[in-house]
Amino acid sequence: MKIKAKDNKIYSFRTIIEPEENGGYHGFVPLLHGLHTQGDTLKEIKINLRDAIKCHVEGLLSDSEEIPQEQAKMEVIESFSSNDFAFV
């Protein structure tokens, strides 16, 4: 049985993809606690993240739990030069 969200609502989730030291990628969704996956290529990690999100949300729907929503956030990447740090 396929479970559907009410009102054909659109859900958006921020995903983070990080390269692994020994190759491949680690991906996770901060809003969906415990949702982590991996892949050997960027294409694979994106597919795996999509599948993991769908599975996680279907589980929430099955358990009649609320699906978390991303709030308006501002993400900033801070840049520093080596001169900004005091070296010992």
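Is T37 buried or exposed? Select T37 and show its surface: the residue is buried, with a relative accessible area of 18%, and the cut-off for that label is under 20%. Keep in mind throughout that this is a predicted model.

**T37 and its surroundings**

T37 sits in strand β3. Leaving aside residues up to four places away in sequence, T37 touches Y25, H26, G27, I45, N48 and L49. Keep these residues displayed; the next stops take up the strands and then the helix.

**The sheet**

Select residues 16-19 for β1, 25-28 for β2 and 36-39 for β3. They make an open sheet of 3 strands, in the order β1-β2-β3, with antiparallel pairing. β1 and β3 are the edge strands, each pairing on one side only. Look along the sheet and the twist can be followed: neighbouring strands are turned by 25° against each other on average, direction ignored. In general, the strands of a sheet are held in pairs by backbone hydrogen bonds, in a parallel or an antiparallel sense.

Now take the pairs one at a time. β1 and β2 pair in the antiparallel sense over 4 bridges. To find one of them, select I17, whose bridge partner in β2 is G27. Follow the chain from β1 to β2 and you pass through a hairpin with 5 residues between the strands. Stop at G23 in that turn, which has a positive phi of about 100°.

On the other side of β2, the pairing with β3 is also antiparallel and runs over 4 bridges. Here, select Y25 and look across to G39 in β3, which stands opposite.

**Helix α1**

Next select residues 42-62, which form helix α1. How far apart are the end C-alpha atoms of this helix? They are 30 Å apart, which agrees with the 30 Å that 21 residues should span at 1.5 Å a residue. The helix lies across β1, β2 and β3, and runs at about 150° to β3.

Colour I45, L49, A52, I53, V57 and L60: these are the buried residues of α1. Turn the view to look down the helix axis; the buried residues fall within an arc of 125°, so they line one face of α1. An α-helix has 3.6 residues a turn, so residues three or four places apart point the same way. What covers the buried residues includes β1, β2 and β3. Two of them, I45 and L49, are among the residues that T37 touches.

Rotate to the face of α1 turned away from its buried side, and select K43, R50 and C55, the exposed residues found there. Then step off the end of the helix to S64, just after α1, where phi is positive at about 55°.

**Two further stops**

Select F80 and F85. The structure holds 1 aromatic pair, and these two residues form it: their ring centres are 5.5 Å apart and the planes meet at 45°, a tilted arrangement. F80 counts as exposed because its relative accessibility is 55%, while F85, at 47%, counts as partly exposed.

Finally, go to I10, in the segment before β1. I10 is exposed, with a relative accessible area of 69%. Add Q69 to the selection and draw a distance between the C-alpha atoms: I10 and Q69 are 59 residues apart in sequence and 10.0 Å apart in space.

Conventions: Residues are numbered from 1 along each chain as its sequence is written. This is a predicted model: local features need pLDDT of at least 70, side-chain atom pairs count only at pLDDT 80 or more; totals for chains, interfaces and linings use all residues. Side-chain values use heavy atoms; hydrogens and water are left out. Helices (H or I, at least four residues) and strands (E, at least two) are DSSP runs, numbered from the N terminus. The expected span of a helix is 1.5 Å times one less than its number of residues. Buried means under 20% relative accessible area, exposed over 50%, partly exposed in between (1.4 Å probe, protein chains only). The arc is that of the directions from the helix axis to the C-beta atoms. Contact means heavy atoms within 4.5 Å. Two strands pair if DSSP finds at least two bridges between them. Axes are lines fitted to C-alpha atoms, for helices over the stretch in contact, and angles run from 0 to 180 degrees between N-to-C directions. Rings of Phe, Tyr and Trp (its six-membered ring) pair if their centres lie within 6.5 Å; planes under 30 degrees apart count as stacked, over 60 as edge-to-face and the rest as tilted.
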